[in-house]
Amino acid sequence: MKYRGKFITFEGPEGSGKSTHTKLLCEYLKNSGKNIVYVREPGSTKVGEQIRQLLLDVKNKEISDITEVCLYMAARAQLVSEVMLPALKKGKIVISDRFLDATIAYQGYGGGIDIDLIKKIGLVSTLGIKPDLTILLVTDTEKGLNCSGRIKDRIESKSLAYHKRVRRGYLKLAREDPRRIKIVNQDVLISRTQDIIRELIDKIIKK
Ligand code: TMP
């Protein structure tokens, strides 16, 4: 798939600081005059936000593991065709809070769904687009799960063992693709973590 834009994703287990850092990065890029499009997964389209509600609602206990995969992929397929690909073709920088790596880490390593199957469905739902850079923010699993302070959604409510597998899964993905996936450990100072992220992003968008 050929396009002029750059595609950057943020990933990480629960409470890894993705929202804070994507927000700060978007402000930084906008202030430097860059044309950016920010999206989150699942969501950022009308259909995707409805799928998000379905997926995260604790009342939907009966959602099966494979249904969960298909719903994340459906939201992704809509987002790629409606927002991401058109923006990338126009030469914009697309910043996404999560993408296919999240399904591999959560439903694959966390939930035990076959990784190759996820990658195959992923190829269809992403239309083959791949991030130029992925920032993997990591933090301690228990600290991360307890940091939001709000009532846990359906995914956050899964067991501690599940979330530990997700974290390990993400680290495995980073080891397998160190050129694309850069691990950024949370510093006590948000600004210090953000500086590291900006340095990595600058290298990619200046290419
Ligand atoms: P968020 O909290 O980062 O907005 O993501 C929503 C939740 O959905 C979060 O608990 C991670 C989970 N998730 C998956 O389990 N699989 C996926 O493919 C994606 C994109 C998110």
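In this predicted model, a polar atom in the side chain of Y72 is placed 2.8 Å from an oxygen atom of the ligand. Two further side chains make contacts of this kind: a polar side-chain atom of R98 lies 2.7 Å from a ligand oxygen, and an N or O atom in the side chain of K18 is found 2.9 Å from an oxygen atom of the ligand. On its own the ligand has 470 Å² of accessible area, and the protein covers 94% of this area.

The space that the ligand takes up is the largest pocket. Three elements, namely α2 (46–56), α3 (65–89) and α4 (100–110), each give two or more residues to the shell around the ligand, and among the contributors α4 gives the most, with four residues. The residues around the ligand number 13, and those that come nearest are E14, R52, Y72, R98 and T103. When the shell is sorted by class, six of its residues are charged, five are nonpolar and two are polar.

The chain as a whole contains eight helices and five strands, and these elements, read from the N terminus on, follow the order β-α-β-α-α-β-α-α-β-α-α-β-α. Along the principal axes, the C-alpha trace of the chain spans about 45 × 40 × 30 Å. The radius of gyration of the chain is 16 Å, which agrees with the value near 17 Å that a compact globule of 207 residues would have.

Two features of the backbone are best read against a general background. Most peptide bonds are trans, and most residues other than glycine have a negative phi. The bond that joins E41 and P42, however, is a cis peptide bond, with omega at about -15°, and P42 itself is found in the loop that runs between β2 (36–40) and α2. The second feature concerns R98, a residue other than glycine whose phi is positive, with a value near 85°. R98 is located in the loop between β3 (93–97) and α4, and R98 is also one of the residues that come nearest to the ligand, with a polar side-chain atom 2.7 Å from a ligand oxygen. The positive phi and the ligand contact are thus found together in this one loop residue.

How values were computed:
Residues numbered from 1 in each chain as written. Predicted model: local features only at pLDDT ≥ 70, side-chain atom pairs only at ≥ 80, totals over all residues. Heavy atoms only, no water. Near = heavy atom within 4 Å. Polar contact = N/O pair within 3.5 Å; in protein donor to acceptor, adjacent residues only side chain to side chain. Areas by Shrake-Rupley, 256 points an atom, 1.4 Å probe, with all protein chains shown as cover. 1 Å grid on protein atoms, 1.4 Å probe; cavity = no way out; pocket = protein on both sides within 12 Å on 5 of 7 lines; lining within 4 Å. Sits in = over half its atoms within 2 Å of the grid points. Nonpolar A, V, L, I, M, F, W, Y, C, P; charged D, E, K, R; others polar. Rg over C-alpha atoms; globule rule 2.2 N^0.38 Å.
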